[in-house]
Amino acid sequence: MSEGKQKRDTMSPGDKAQPGAENAGQDLCPECNGTGRYKDEDCKNCSGSGTIWVPVGTP
Ligand SMILES: [Zn+2]
């Protein structure tokens, strides 16, 4: 197991798009600035992954 960016399939509270979706991309979590940590706990906004999923491309 290598540390680093965590892959996840379920949506976190901070996600704006479905993880792994074709029209979704990852962005740094604004709550933890990509650290995945918030006050010595896993960041709840991104579930500790440090990234949130956002929609990419505009219709
Ligand atoms: Zn976060």
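A residue counts as exposed if 12 or fewer other C-beta atoms lie within 10 Å of its own, and as buried if 20 or more do. The views below show a predicted model.

**View 1. The whole protein is built from strands.** The protein has four strands and zero helices. Along the sequence, the pattern reads β-β-β-β. The protein has 59 residues, and 20% of them are buried. Consider contacts with a separation of 6 or more: 49% of them join residues 24 or more positions apart.

**View 2. Confidence across the model.** The average pLDDT of the protein is 87. A score of at least 70 is reached by 85% of the residues. Among the elements, strand S4, residues 51-55, has the highest mean pLDDT, at 96. S2 has the lowest, at 94. Where pLDDT is low, the predicted coordinates should not be read in detail.

**View 3. The largest nonpolar core holds six residues.** Four of its members are cysteines: Cys29, Cys32, Cys43 and Cys46. Ile52 and Trp53 complete the set.

**View 4. Isoleucine 52 and its contacts.** Ile52 belongs to the largest nonpolar core. Residues up to four places away in sequence are left out of this view's contact list. Isoleucine 52 touches Ser12, Gly14, Asp15 and Lys16. Asp27 and Cys29 also touch isoleucine 52, as do Asn45 and Cys46. Of these partners, Cys29 and Cys46 are core members too.

**View 5. Asparagine 33 has a positive phi.** Most residues other than glycine have a negative phi. Asparagine 33 is not a glycine, yet its phi is about 55 degrees. Asparagine 33 sits in the loop between strand S1 (24-28) and strand S2 (37-38). Is asparagine 33 buried or exposed? Asparagine 33 is exposed, because 12 other C-beta atoms lie within 10 Å and the cut-off is 12 or fewer. Threonine 51 is 18 residues away from asparagine 33 in sequence. In space, the two are 8.3 Å apart, C-alpha to C-alpha.

**View 6. Lysine 39 also has a positive phi.** Its phi is about 55 degrees, although lysine 39 is not a glycine. Where does lysine 39 lie? Lysine 39 is in the loop between S2 and strand S3 (41-42). Lysine 39 has 6 C-beta neighbours inside 10 Å, so it counts as exposed.

Definitions and conventions: Residues are numbered from 1 along each chain as its sequence is written. This is a predicted model: local features need pLDDT of at least 70, side-chain atom pairs count only at pLDDT 80 or more; totals for chains, interfaces and linings use all residues. A nonpolar core is a set of buried Ala, Val, Leu, Ile, Met, Phe, Trp, Tyr and Cys residues joined through C-beta atoms within 7 Å. Two residues are in contact if their C-beta atoms, placed from the backbone, lie within 7 Å. Helices (H or I, at least four residues) and strands (E, at least two) are DSSP runs, numbered from the N terminus. pLDDT is the predictor's confidence in each residue, from 0 to 100.
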